[in-house]
Amino acid sequence: MSFSAHPVFKAFISGSLSGTCSTLLFQPLDLVKTRLQTANSNLQPGSARVGMVSVLLGVVRKENLLGLWKGMSPSFARTIPGVGIYFSTYFSLKQHFVPEGAPPGPLQAVLLGGGARTVAGVIMLPITLIKTRFECGRYSYVSVVGALRSVCRTEGPGALFSGLMATLFRDVPFSGIYVMFYSQAKAALPREITSSSSAPLANFGCGIVAGVMASLLTQPADVIKTHVQVNKQMKTLEAVKYIYMHYGPQGFLRGAVPRALRRTMMVAMAWTVYEQMMAGFGLRS
């Protein structure tokens, strides 16, 4: 593929396209996860809880099938630049700190993934906040720009970074753990597979395994982040107490199934598309 541009920009383009594809396919799972985490917030402990299937059917019944893709505009506004920033930062860090042609070691992989996610997460947090509010169904925002203006006007600009710590506690470990498992799984593949036409499928399989592990380990932070961003006055420690008091320890795993499905499939697809595009540009990802 002939394309004259800086390698970091190529990584940005590859990441943005990969994020667009995965977001479009798996947005319904993210919406269900958000609704599941914020459902029944007024119920007393011990009351019947809403499950993933009932949330899914409820959305379709009340908002029709397209309601499952509610929040697409903030999702795209976050994903297209966000995944691009993530992969271009990852590529740049890898160029500087990992010998060319060598796979990153476990600790290097954790630092690369975590560092790239920190940069992308901080930059894109205002859009992440709007995306979460779009999906939870409690806010009547019309557009991403209108939502940003509304938050700044009614809550102050600082509110756009609500949930920063919870987001970083979720996303930075997830990315570090994911890249570590993914890179080590790929390194363990036989050469006859990595050099064959089935390499993308094998890489996707490695991504699935890495995604499941990373999703489960970071699920509590995801639940906390959702509550902080949906409830305007709630702080991180308050969210921890609220979740424990209302749902018990298992409350920190609410939405684990749709999140694991969506996040695992999404990140595995994103990495597979990214690596194939970078190979097309003649670059090692």
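How many cavities of 30 Å³ or more does a search of the whole structure find? In this predicted model, the search finds 1 such cavity, and its volume is about 480 Å³. The model also has pockets, of which the largest holds about 960 Å³ of space. The points below take the cavity and the pocket in turn, and then the annotated repeats and two helices.

**The largest cavity**
- The largest cavity, with a volume of about 480 Å³, is lined by 35 residues, of which Arg78, Val83, Arg117, Arg263 and Met266 are the closest to its centre.
- Helices α1, α3, α4 (106-136), α6, α8 and α10 each supply at least two residues of this lining, and α4 gives the most, with 9 residues.
- By class, the lining of the largest cavity divides into 13 nonpolar, 9 polar and 13 charged residues.

**The largest pocket**
- The space in the largest pocket amounts to about 960 Å³, and among its 30 lining residues the closest to the centre are Lys94, Lys186, Glu275, Arg284 and Ser285.
- At least two lining residues come from each of α3 (72-97), α6 (164-187), α7 (191-194), α8 (199-230) and α10 (256-280), while the largest share, 5 residues, comes from α6.
- The lining of the largest pocket is made up of 15 nonpolar, 9 polar and 6 charged residues.

**Annotated repeats**
- An unreviewed UniProt entry carries the annotation "repeat: Solcar" for residues 6-96, 104-188 and 198-280.
- The span of residues 104-188 is 79% helix and 0% strand, with its end C-alpha atoms 13 Å apart.
- Residues 198-280 are 83% helix and 0% strand, and here the end C-alpha atoms lie 16 Å apart.

**Helix α5**
- Helix α5 (residues 144-155) has 12 residues and reaches 16 Å from its first C-alpha to its last, which is close to the 16 Å expected at 1.5 Å a residue.
- The buried residues of α5 are Val144, Ala147, Ser150 and Val151; they lie on the same side of α5, because they cover an arc of only 120 degrees around the axis.
- An α-helix has 3.6 residues a turn, so residues three or four places apart point the same way.
- Arg149 and Arg153, in contrast, are exposed on the other side of α5.

**Leu36 in helix α1**
- Leu36 lies in helix α1 (residues 7-38), and it counts as buried because its relative accessibility is 8%, where the cut-off for buried is under 20%.
- Leu36 and Leu164 are 128 residues apart along the chain, and their C-alpha atoms are separated by 21 Å.

Conventions: Residues numbered from 1 in each chain as written. Predicted model: local features only at pLDDT ≥ 70, side-chain atom pairs only at ≥ 80, totals over all residues. Heavy atoms only, no water. UniProt positions renumbered as here; feature names shortened; annotations may be inferred. Helix = DSSP H or I, 4+ residues; strand = E, 2+ residues; numbered from the N terminus. 1 Å grid on protein atoms, 1.4 Å probe; cavity = no way out; pocket = protein on both sides within 12 Å on 5 of 7 lines; lining within 4 Å. Points joined across faces, edges and corners; volume = space filled by probe spheres on them. Nonpolar A, V, L, I, M, F, W, Y, C, P; charged D, E, K, R; others polar. Buried < 20%, exposed > 50% of the residue type's maximum accessible area, 1.4 Å probe, protein only. Expected span 1.5 Å × (residues − 1). Arc of directions from axis to C-beta.
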